[in-house]
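Here is a quick, informal walk through one protein model, going from the overall picture down to individual side chains. Have a look at the sequence and the structure before reading on.

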Amino acid sequence: GFRGRVVRMLTVFALGGSAMQVNGCDPVVRDSLLAGLQTTANALADTLVQTFFSALADDDASGGGLTTT
């Protein structure tokens with residue numbers, strides 16, 4: 001809906017503005033910030049993947065999973 005579009009637009013603007021600001025930073029600060037962001041993004045991706053497969057395993061164990069013939 002409308003709210004989702006607004007949130008996505010604001011996210012894009014915030015990330016775009018952050019990228020421009022980081023470009024002018026001290027290289028040591030920029031590298032530290034980017035390393036932290038990379039670690040955070042990797043941890044978030046790992047968590048989402050583990051949660052997805054845990055949910056699939058729970059559905060399968062409770063009989064609510066997909067069935068094939």
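## Surface, helices and a few contacts

Buried residues make up just 1% of the 69 residues in the protein chain. Keep in mind that this is a predicted model. The chain's accessible surface comes to about 6,100 Å², and carbon and sulfur atoms account for 65% of that. As for secondary structure, there are two helices and zero strands in the protein chain.

What do F2, V6, M9, L10, V12 and F13 form on the surface? Together they make a nonpolar patch, with about 650 Å² of accessible area between them. One of these residues, M9, sits in helix α1, which covers residues 2-23.

Now for the charged side chains. The count is one salt bridge, and the partners are R30 and D31, whose side chains meet at 4.0 Å, N to O. Are these two buried or exposed? R30 counts as partly exposed because its relative accessible area, 25%, falls between the 20% and 50% cut-offs. D31, at 47%, is partly exposed as well. Side by side:

| Residue | Relative accessible area | Class |
|---|---|---|
| R30 | 25% | partly exposed |
| D31 | 47% | partly exposed |

On the aromatic side, the count is one pair. The ring centres of F52 and F53 lie 5.3 Å apart with the planes at 75°, so this pair is edge-to-face; the cut-off behind that label is an angle over 60 degrees. In general, a pair of aromatic rings is described by the distance of the centres and the angle of the planes.

Definitions and conventions: Residues numbered from 1 in each chain as written. Predicted model: local features only at pLDDT ≥ 70, side-chain atom pairs only at ≥ 80, totals over all residues. Heavy atoms only, no water. Patch = residues over 30% accessible without salt bridge, like charges linked within 9 Å, V, L, I, M, F, W, Y side chains within 5 Å. Areas by Shrake-Rupley, 256 points an atom, 1.4 Å probe, with all protein chains shown as cover. Helix = DSSP H or I, 4+ residues; strand = E, 2+ residues; numbered from the N terminus. Buried < 20%, exposed > 50% of the residue type's maximum accessible area, 1.4 Å probe, protein only. Phe/Tyr/Trp six-rings, centres within 6.5 Å; stacked < 30°, edge-to-face > 60°.
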